[in-house]
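Subject: Structure handover

Dear colleague,

I am passing the structure below on to you, since you will be looking at it for the first time. Please have it open while you read the notes that come after it.

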Amino acid sequence: MFSLTVCDHIMVAHSFRGAEFGPAQRLHGATFAVEAEFRAPQLDHLNLLVDIGLAKTELRRALDGLDYRNLDEEGQFAGQNTTTEYLCRHIHTLLCAALREGRLGPQGSQVTGLKVLLRESPNAWAAYEGAVA
């Protein structure tokens, strides 16, 4: 299996509901390093998995709806705890749509797996991995 990873970062504000979250129930900020790893069993005729420039562009497009936002005020997240894990799946969904729509070039149709990883710190991160649906 081949893989290609692109990275970016976001800064968000949010709060969580539930006693389990302790002080994170209050509004707080988070900076996430974001990695998107595209996987395919074979390369195209140019030996590419996907166009790296398009992959970076689409990752940034997916992140633009989160970056420098208070997620508590974003309608799409109403009623959700925007945990690191939840945000991984959200970004995965957006990148899968970009692949289906051909925005990562013709090679994107060969991608079979995608892993999105968000690093909260050098010591803690979460990921969501799944097939491209």
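What follows is a description of the core, the salt bridges and a few loop residues.

Please keep in mind throughout that this is a predicted model.

I begin with the interior. The largest nonpolar core has 33 residues, and the residues with the most contacts inside it are Val34, Phe38, Leu66, Ile91 and Leu95. Strands S1 (2-14) and S4 (113-121) and helix H2 (84-100), together with S2 and H1, each supply at least two residues of this core, and the largest share, eight residues, comes from H2. Ile91 illustrates how these parts meet: when its neighbours within four places in sequence are left aside, Ile91 is in contact with Val34, Leu59, Ala62, Leu63, Leu66, Val116 and Leu118.

Next come the charged side chains. Side chains of opposite charge can pair when their charged atoms come close. The structure holds ten salt bridges, of which I describe some here.

One of them joins the side chains of Arg60 and Asp8, with an N to O distance of 3.0 Å. This pair links distant parts of the chain, as Arg60 is in helix H1 and Asp8 is in strand S1, 52 residues apart. Arg60 counts as partly exposed, at 21% relative accessibility, and Asp8 is likewise classed as partly exposed, at 22%.

Another salt bridge is formed by the side chains of Glu129 and Arg39, with 2.2 Å from N to O. Here too distant parts of the chain are linked, with Glu129 in strand S5 (residues 124-131) and Arg39 in strand S2, 90 residues apart. Glu129 is partly exposed, with a relative accessibility of 44%, whereas Arg39 counts as buried because its relative accessibility is 19%, and the limit for buried is under 20%.

Arg69 forms a salt bridge with Glu74, the closest N and O atoms being 3.6 Å apart, and Arg69 is partly exposed, with a relative accessible area of 33%. Beyond single pairs, salt bridges that share partners join Asp8, Arg60, Asp64 and Asp67 into one network.

The backbone also deserves a careful look. Most residues other than glycine have a negative phi. Against that background, Asn47 has a positive phi, near 65°, and is not a glycine; Asn47 is found in the loop between strand S2 (28-40) and helix H1 (52-64). Tyr68 also has a positive phi, of about 55°, without being a glycine, and Tyr68 lies in the loop between H1 and strand S3 (69-70).

Are these two loop residues buried or exposed? Asn47 is exposed, with a relative accessible area of 58%, and Tyr68 counts as exposed because its relative accessibility is 64%, where exposed means over 50%.

A last loop residue to examine is Gln107, which is found in the loop between H2 and S4. Gln107 is buried, with a relative accessible area of 10%. When residues up to four places away in sequence are not counted, Gln107 touches Asp44, Leu48, Leu49, Val50 and Asp51.

If you wish to retrace these notes in the viewer, Ile91 could serve as a starting point for the core, given that it is among the residues with the most contacts there.

With best wishes

Key: Residues numbered from 1 in each chain as written. Predicted model: local features only at pLDDT ≥ 70, side-chain atom pairs only at ≥ 80, totals over all residues. Heavy atoms only, no water. Helix = DSSP H or I, 4+ residues; strand = E, 2+ residues; numbered from the N terminus. Buried < 20%, exposed > 50% of the residue type's maximum accessible area, 1.4 Å probe, protein only. Core = buried A, V, L, I, M, F, W, Y, C linked by side-chain atoms within 4.5 Å. Contact = heavy atoms within 4.5 Å. Salt bridge = Lys/Arg side-chain N within 4 Å of Asp/Glu carboxyl O.
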